[in-house]
Amino acid sequence: MPESAGTRLSPFAESLRRAIRQRGATLERLADHLRRQGTPVSLATLSYWQSGRSQPERAVSLAALRNAERYLGLRGGELAGLLDAPRPRGRLAHRTPTAEPMSKMWPDARSRLRALDGVAPRDETRLTRLSIVSRVEIGPDRAERHQWTRHILRAEEDGVSGIVLLFWADDQPPPVLVPTRNLSVVALNRDEDSGLAAAELQFPRPLSRHETIIVEYEIEQVGCFPATNYERRARMPTRELLIEVRFDPAALPARCEQFSEIGDKQLVKPLTWDDSHTVHALGLDLGPGAFGIRWEW
């Protein structure tokens, strides 16, 4: 069906069309590039994307979209952050995502309640996690030195104002949380016995419905004990989660593996590091649960 003059494009379709035009590209050239990158998309599908008749939702389509962003000279996640929530299929077609109980993700009630004392996770279920990227650095002494994390988030209601992070901070001295983009610390609490910490982080202003935001923060470590894993736990679904762990060349582990505990499924996959002594784990369309990388020295 041809697009009528009065049809209003979705933000994703409009931005994709503008990026193709500004790049001086054609759909044929884009399709050829995606095919050569190993993520082929048909001309008809690309046409549907830029006209708003459909959007990338499945894992293979989202991988192609990342390659398209690079080809069009866009920042990673710039187009992905404009996608509407994926349409449910099959048995989930009439269900909306619900958050797993906090007690399931963090079962130690005493440490959880102590860490969350004075911290309010009120907006967690009103945000869609479009993309989360975490990079971890392990030093020559095998201890974790630094974390950098970027979230691309979309508000599903008006007035969403921030996020709450739960993370382990059991080193002495405790790690330092440093917001670096579109975040400020409202509250930070830590259970001294277990090391579980909670931080309430605020956006520069409340978001409007369907507005997206990119936020970044770092965690500086002064650890003295060998690290053996890095994981992220989430109560809500995450569309894309990428974890990278970079080891110092002087302290390479004996083996590494990716692991996930999503619902009642547990999966493990061996990993090997690349030329920069980095391993990575990529999860797409993840449900609530745990996802990470662990290693042995």
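Here are some worked exercises on the predicted model shown above.

**Exercise 1: Get your bearings**

Work out how many helices and strands the protein chain has, and what share of its residues is buried.

*Solution.*
- Step 1: Go through the secondary structure, and you end up with six helices and 13 strands in the protein chain.
- Step 2: Turn to burial. The chain has 297 residues, and buried ones make up 45% of them.
- Step 3: Look at the outside. The accessible surface comes to about 15900 Å², and carbon and sulfur atoms hold 50% of that.
- Step 4: Check the contacts with a separation of 6 or more. Residues 24 or more positions apart account for 75% of these.

**Exercise 2: A salt bridge inside a helix**

Explain why D32 and R36 are separated by about one helical turn, and classify each as buried, partly exposed or exposed.

*Solution.*
- Step 1: Find the pair. The side chains of D32 and R36 meet in a salt bridge, with N to O at 3.0 Å.
- Step 2: Place both residues. They sit in helix α2 (residues 27-36), and because they are four residues apart there, about one helical turn separates them.
- Step 3: Apply the cut-offs, which are under 20% for buried and over 50% for exposed. D32 has a relative accessible area of 29%, so D32 is partly exposed. R36 comes in at 53%, so R36 is exposed.
- Step 4: Recall the background: side chains of opposite charge can pair when their charged atoms come close.

**Exercise 3: A salt bridge between strands**

Which parts of the chain does the pair R135 and E244 tie together?

*Solution.*
- Step 1: Start from the atoms. R135 and E244 form a salt bridge whose closest N and O atoms are 2.9 Å apart.
- Step 2: Map the partners onto strands. R135 lies in strand β1 (residues 127-138) and E244 in strand β9 (residues 238-247), so the pair links parts that are 109 residues apart in sequence.
- Step 3: Check accessibility. R135 is partly exposed at 42%, and E244 is partly exposed too, at 21%.
- Step 4: Look at the backbone. β1 and β9 also pair in the parallel sense, over eight bridges, and V136 has V245 in β9 as its bridge partner.
- Step 5: Follow β9 to its other pairing. Eight bridges join β9 to strand β12 (residues 278-286), and these two run antiparallel. Here I243 stands opposite A281 in β12.
- Step 6: Ask how covered β9 is. Seven of its ten residues are buried, making the strand mostly covered.

**Exercise 4: Count the salt bridges and spot a network**

How many salt bridges does the structure hold, and which residues do shared partners join into one network?

*Solution.*
- Step 1: The total is 13 salt bridges.
- Step 2: Take one of them, between R145 and D141, where N to O is 2.1 Å. R145 is partly exposed at 28% relative accessibility, and D141 is partly exposed at 35%.
- Step 3: Now look for shared partners. Salt bridges with partners in common join R255, E257, R294 and E296 into one network.

**Exercise 5: Walk across the open sheet**

In what order do the strands of the four-stranded open sheet come, and which are the edge strands?

*Solution.*
- Step 1: Write down the order, β8-β13-β10-β11, with antiparallel pairing.
- Step 2: Find the edges. β8 (229-234) and β11 (265-271) each pair on one side only.
- Step 3: Add the twist, which averages 10 degrees from one strand to the next.
- Step 4: Walk across the pairs. β8 meets strand β13 (residues 289-296) over six antiparallel bridges, with A234 opposite G289. Strand β10 (residues 255-262) pairs with β13 over eight antiparallel bridges, and E261 stands opposite A290 there. Seven bridges then join β10 to the antiparallel β11, where P270 is the bridge partner of E257.
- Step 5: Check the turn. The hairpin of β10 and β11 has two residues between the strands, and G263 takes a positive phi near 65 degrees.

**Exercise 6: Place one glutamate**

Is E216 buried or exposed, and what is E216 in contact with?

*Solution.*
- Step 1: Locate E216 in strand β7 (residues 212-220).
- Step 2: Compare with the cut-off. Its relative accessible area is 14%, so E216 is buried.
- Step 3: List the contacts, leaving aside neighbours within four places in sequence: W148, T149, R150, P179, T180, R181 and L183.

Methods:
Residues numbered from 1 in each chain as written. Predicted model: local features only at pLDDT ≥ 70, side-chain atom pairs only at ≥ 80, totals over all residues. Heavy atoms only, no water. Salt bridge = Lys/Arg side-chain N within 4 Å of Asp/Glu carboxyl O. Buried < 20%, exposed > 50% of the residue type's maximum accessible area, 1.4 Å probe, protein only. Contact = heavy atoms within 4.5 Å. Areas by Shrake-Rupley, 256 points an atom, 1.4 Å probe, with all protein chains shown as cover. Pairing = 2+ DSSP bridges. Axes fitted to C-alpha atoms, helices over the stretch in contact; angles between N-to-C directions.
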